[in-house]
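Trainee: Could you take me slowly through one part of this structure, the packing of its interior, and tell me which residues meet there?

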Amino acid sequence: MFEDARLICADCSAEYSADEPIWRCACGGLLDLRYQPRFESDDTRPMSMWRFRRAIPIRDDANIVSMGEGYTPLITREIAGRTVHIKQEQLFPTGSYKDRGASVLVSKAKELGVTRVVEDSSGNAGCAIAAYCAAADIECHIYVPADTSPAKLAQIEAYGAALHLVPGSRSDTAAAVMEAAKTDYYASHSWNPFFFQGTKTIAYEIVEQLGGRAPDIVVLPVGNGTLLLGAAIGFTELRDAGLIDRVPRLIAVQAARCAPLAAQYNNQAVTSPESTLAEGIAITEPIRGPQIIKAVRESGGRFVTVTEEEIIDALKQTARAGHYIEPTSAATIAGVKRWIEQENLPENTTIVTVYTGHGLKSTEKMMKLFGTS
Ligand SMILES: *Cc1c(COP(=O)(O)O)cnc(C)c1O
Ligand SMILES: [Zn+2]
C-alpha cells in the first residue's frame, strides 16, 4: 500500500526507501517523507487517530502501537470576545499531544524490527516515546541534561525507560544522543520524519470536527515546531486531495524570552534567550527552523510573541474557566488573545487553537504559582 513512501533529504534531495532505519541523510541533512496519503474513512476502527490509517505510512496493521490516542474533543471558549475552538490535546495517555507522533514513530520502529531506541528530551516527548516503547516492548533510552528537575523525569522512569543524565549543557546532551544514535535507532521528535506523520492527524480531526471545512486561522506553539509542521503537512495533504479549499493561516506563538524564529521572521536581531515559564517551547536552535518559517509564510500566517505576564494571565484565566493546562500550553492561549486583540478580524472568522499539555504535568510550578504555602 505504501510502496511509494520515500525519505527525501531537505538539503541535497537524496532519496531513500522509507524502510531504511535512518534518521538523517548521509550528507547530514534533515529527512522528510514523501508519499501519497489516502483518505477513505475507515469507520470499523476505534475512535482514535488510526481511523486515518490509510494516510499513515505504516505497512502492516500488526505493527501499530496504539493506546486509543487522538479524536480529542474540540470545545469552544470565549477569548478576547471571540468564540475560539480548542482541541483538548492535553487529554492524551501521557498528557500531551506528543502521543500522536510517538504512536506513529514507535509503530515504524516496530515495523523496522528495531529493538532499542534513543531519544533526548526531559519533557513531554520523552514521556511519550517512553510510554509507547513500553507498550511495544522496545528498549528505550532517554538522554537528559543532568540538572533536569527530578520530578520531570519520574514519568519517564515510571514507563521503564533508561535515563542517561548528561553533565553540562543541552547541547552536550544532544552530542551524547547523537553518539548513541550511531548504533541505535534515533526516535527523535525533531529529526525523525515519522513523528510528523502522527502530529499531522490533528489537521484531519479539526476539519472533520468542523463538519468538513478548514478553519480560517490555527494558532499553534512553536519550539521545535512538531505540532505546527505536522498541522501544515496535514492541511496541505487535505488541500491537495481537494477536500478543503486552502490551508488555514498558521499563527505561530513563541515566548518573548526565547523567540528565535519570530525574530528571524520579522527580520529582527535574535536576542539571547532567557528562562521562561513556557519551558516546553524554549528551543534556541530548532533544527527545522527554516521549514517552520516557510510553512507559516506560505499559509499567510505570522509569528506572535508573548510575555511572562501574559502567560501567567492566560494560565489563570484558563484554570478559572475550568481547564487545567501546563504553563507552556498557556503561552499559546496568551498568543490567541494577543492575536485577536491586535487584528481586525471579520466577525465570522473561525479560529482554532490547542491545549497542548495537562496541568498535572507541572505540579511543582503550579504550587509556586497558585499554592498558598
Ligand atoms: C512539545 C510541546 C509544545 C510544542 O513544542 P514544539 O517544540 O514546537 O514541538 C507545546 N506545548 C507542550 C505542552 C509540549 O509538550
Ligand atoms: Zn542530503
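Mentor: C9 is found in strand β1, which covers residues 6–9, and in this predicted model it has a relative accessibility of 2%, so that it counts as buried, the limit being under 20%. If one leaves aside the neighbours within four places in sequence, C9 is in contact with A14, C25, C27, G29, L30 and L31. The C-alpha atoms of C9 and D32 lie 6.3 Å apart in space, although 23 residues separate the two in sequence.

From there we can turn to the main nonpolar core. The largest nonpolar core has 79 residues, and the members that touch the most others are V117, I129, L228, F235 and F303. Helix α2, which runs over residues 124–136, supplies the largest share of this core, namely 8 residues. In soluble globular proteins, nonpolar side chains tend to be buried together. I129, taken without the residues up to four places away in sequence, touches A102, L105, V106, V117, E119, C140, A187 and F195. Separate from the largest core there is a second one, made of 29 residues, and V219, I325, L345 and M366 are among them.

The partner of helix α2 to look at next is helix α1, residues 98–111, and the axes of the two come within 9 Å and cross at roughly 40°. Because of that angle, α1 is oblique to α2, and the crossing of the pair is right-handed. On the side of α1 the contact is made by K98, D99, A102, S103, L105 and V106, while α2 brings N124, A125, A128, I129, Y132, C133 and A136. Sorted by character, the residues of this contact between α1 and α2 divide into 9 nonpolar, 2 polar and 2 charged.

L105, a residue of α1 in that helix contact, is also touched by N192. N192 itself lies in a loop, the one between strand β9 (185–186) and helix α5 (193–199). With a relative accessible area of 0%, N192 is buried, because buried means under 20%. Besides L105, and again not counting residues up to four places away in sequence, N192 touches Y185, Y186, A187 and R288. A187 appears as well among the residues that I129 touches, and L105 is another name on that list for I129, so I would display I129 and N192 together when you go through these contacts.

Note on methods
Residues numbered from 1 in each chain as written. Chains lettered and ligands numbered in written order. Predicted model: local features only at pLDDT ≥ 70, side-chain atom pairs only at ≥ 80, totals over all residues. Heavy atoms only, no water. Core = buried A, V, L, I, M, F, W, Y, C linked by side-chain atoms within 4.5 Å. Buried < 20%, exposed > 50% of the residue type's maximum accessible area, 1.4 Å probe, protein only. Helix = DSSP H or I, 4+ residues; strand = E, 2+ residues; numbered from the N terminus. Contact = heavy atoms within 4.5 Å. Axes fitted to C-alpha atoms, helices over the stretch in contact; angles between N-to-C directions. Parallel < 35°, antiparallel > 145°, perpendicular 65-115°, else oblique. Left-handed = near helix turned anticlockwise from the far one by under 90°. Nonpolar A, V, L, I, M, F, W, Y, C, P; charged D, E, K, R; others polar.
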